[in-house]
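Visitor: I should like to take a close look at a single part of this structure. Could you please guide me through one strand and its surroundings?

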Amino acid sequence: MENRTERKLSQPANEVMSSSKFVFVNSGCWTASAIAVFWLLLHVFPVYSQTNTHSGFTKADSLRGMLTPMRSCYDVTFYDLKMKIDIKRHLIAGSNSIQYIVMQDFDSLQIDLFAKMKIEKIVCNGIELNYRRELNAVVVKFTETQKRGSNGGITVYYSGVPQIAKSPPWDGGFVWKRDAHGIDWVGVSCEGTGASLWWPCKDHLSDEPDSMALSFTVPSGLTCVSNGTLRQKKANEDGTSEWNWFVSYPINNYNVTVNLANYSHWEDSYLYESDTLPLDYYVLADNMTQAKEHFEQVKLMLACFEKYFGPYPFPKDGYALVETNYWGMEHQGAIAYGNNYENTKEGFDYIIVHESAHEWWGNNVSCEDVADLWIHESFATYAEAIYVECTQSKEAAVKYLINQRWKISDKYPIIGPYGVNFQATENDNDMYYKGSWMLHTFRNVVNNDSLFFSILKNIQFHFALQTTNTEQLLKYINELAGKDYTYLFDQYLKYSSPPVLEFRTHQKGKDTRLEYRWKADVPDFSMPVEVTASYQYAFGAATKSYVRIHPTMQWQTIVLTDLEAKYFDVNTEKFYVKKSEVK
């Protein structure tokens with residue numbers, strides 16, 4: 001999802017937890033006594049994050065964000081979501097069949113569905129199960145123990161008026177609007193808020209179904225667009241139509257979507273390697289002409305990302321852009337587009353580029369905890385600069401990055417607290433722009449573009465259609481790079497400030513003696529950087545050259561020949577660092 005600076009800080013809920021140092025790590029189901037202790041601690045203590053100072057988490061946040069025993073004991077394999085949408089009453093009603101593999105013996109599991117949505121019943125093998133609500137979580141009680149290694153399933157029947165998004169896509173919910181002709185135009189986005197605001201699921205990023213079926217019954221006359229491929233459309237006698245879609249790959253819950261409008265649709269294709277990728281476009285009828293011209297840039301974008309990241313990850317489902325009444329969202333195989341067909345001054349539509357980059361970064365390679373959402377957003381934001389480099393030049397890409405740098409706040413660590421439903425607020429920009437500059441800095445520290453881009457492409461293959469985390473990803477990056485760069489990523493991800501190059505300069509004739517060291521939070525931080533080697537000013541322009549130095553946290557000295565001390569500088573076109581002169 002794209003960000004913008006005017007996003008407001010969310011207000012803490014009523015049930016606020018105070019700080020604690022308890023950490024829960026579990027890969028299976030606990031005993032009854034252990035579960036009792038867990039729930040006691042959950043009610044008394046909140047989640048603690050070593051490097052993040054955010055507070056105000058509620059019990060609901062922990063229920064959503066923590067991988068508790070009643071969530072880790074089953075692994076979802078398939079969702080079959082069926083829904084009827086009543087636009088006049090803003091009502092949805094239907095069912096979701098959840099198929100899973102039992103990871104550990106259990107007799108209770110947790111699913112998620114917002115409290116304002118009514119559960120009609122929950123059924124397993126024809127037997128109606130008991131359940132209880134815990135805020136937005138639902139604990140389902142089975143009549144028999146579910147045995148490890150077996151397959152199981154439940155169907156949840158539900159209805160209600162889902163939450164309305166006040167400012168989509170930055171807050172989650174449905175959007176009930178009309179187009180210029182008064183025809184209904186409906187959409188939904190839910191990243192951060194959670195898919196469980198409109199359908200029952202295991203609402204945790206660590207668990208994606210292997211595939212998913214989606215069936216929507218909607219008023220006739222409207223086109224219904226969802227994820228994946230359209231398998232069937234049929235008219236009903238009651239003035240509705242049924243649209244059946246199918247997703248052939250794992251999918252993040254927040255990427256599941258539905259769009260209703262008076263869409264015009266056309267098909268195209270993109271040739272890649274030895275295959276053909278189907279392209280589908282759904283736009284309001286009035287915008288057909290300009291959309292056909294504007295969306296031609298999709299093919300160039302796909303070619304660039306294929307070059308640097310590898311083939312499009314979801315060829316069976318194809319690629320689609322769907323016009324929405326909100327800015328944009330990376331809904332897998334059905335990307336939401338609402339940027340009014342506008343290009344940046346660099347000549348491309350950055351919503352198309354950014355949201356499409358998420359097909360690789362976020363949809364193919366996905367984080368397993370919202371704390372690690374930088375894996376989605378930092379890479380997708382840097383992909384914008386890569387696109388500029390691909391279509392224009394490396395110099396143009398650097399200018400593009402510099403134009404974004406002012407949005408960095410350096411107020412909070414990029415990585416949020418684990419195990420809670422953490423919705424980034426003030427540090428949203430840093431997850432995007434500082435994260436992008438972190439990757440750009442890493443690229444220049446490696447100082448080998450062939451190696452850097454091979455790392456990006458190998459990440460896509462190694463973690464394809466999987467969820468991962470920061471630790472696993474960095475371990476793999478270090479293996480490919482042949483060197484441990486954990487210190488670099490830790491500084492940018494886990495602490496609010498970038499490294500600071502402290503320095504002293506002394507003029508010695510025509511030369512400058514430079515003393516320098518790093519000031520950083522990571523112990524023994526040692527990152528190469530470039531500083532001014534020469535400076536010339538002629539015909540109204542300055543020309544600089546740089547020399548690479550290798551500061552540590554200990555003072556070092558170097559002599560910069562034929563350089564006046566006042567012209568000393570750090571190469572901020574390659575590195576996101578700060579500098580501080582020490583007297």
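**Strand 18 and the open sheet**

Guide: In this predicted model, strand 11 (residues 211–219) and strand 14 (residues 240–247) run antiparallel and are joined by 8 bridges. Within this pairing, Phe 216 has Trp 243 of strand 14 as its bridge partner. Both strands belong to an open sheet of 8 strands with mixed pairing, whose order is 5-4-8-2-1-11-14-13. At the edges of this sheet stand strand 5 (127–128) and strand 13 (229–235); each has a single partner strand, so one side of each lacks a neighbour in the sheet.

With that setting described, we may turn to the part chosen for the close look, strand 18. This strand covers residues 319–323, and 5 of its 5 residues are buried, so strand 18 is largely enclosed by the rest of the structure. Buried here denotes a relative accessible area under 20%. The residues of strand 18 point in two directions: Tyr 319, Leu 321 and Glu 323 face one way, while Ala 320 and Val 322 face the other way, and all are buried.

The pairing of strand 18 can be followed residue by residue. With strand 17 (residues 275–284), strand 18 pairs in the parallel sense over 4 bridges. Here Leu 321 of strand 18 is the bridge partner of Tyr 281. Strand 18 also runs parallel to strand 20 (residues 335–337), to which 3 bridges join it. In that pairing, Glu 323 stands opposite Tyr 337 of strand 20. Leu 321 and Glu 323, which appear in these pairings, point one way from strand 18 together with Tyr 319.

Definitions and conventions: Residues numbered from 1 in each chain as written. Predicted model: local features only at pLDDT ≥ 70, side-chain atom pairs only at ≥ 80, totals over all residues. Heavy atoms only, no water. Pairing = 2+ DSSP bridges. Buried < 20%, exposed > 50% of the residue type's maximum accessible area, 1.4 Å probe, protein only.
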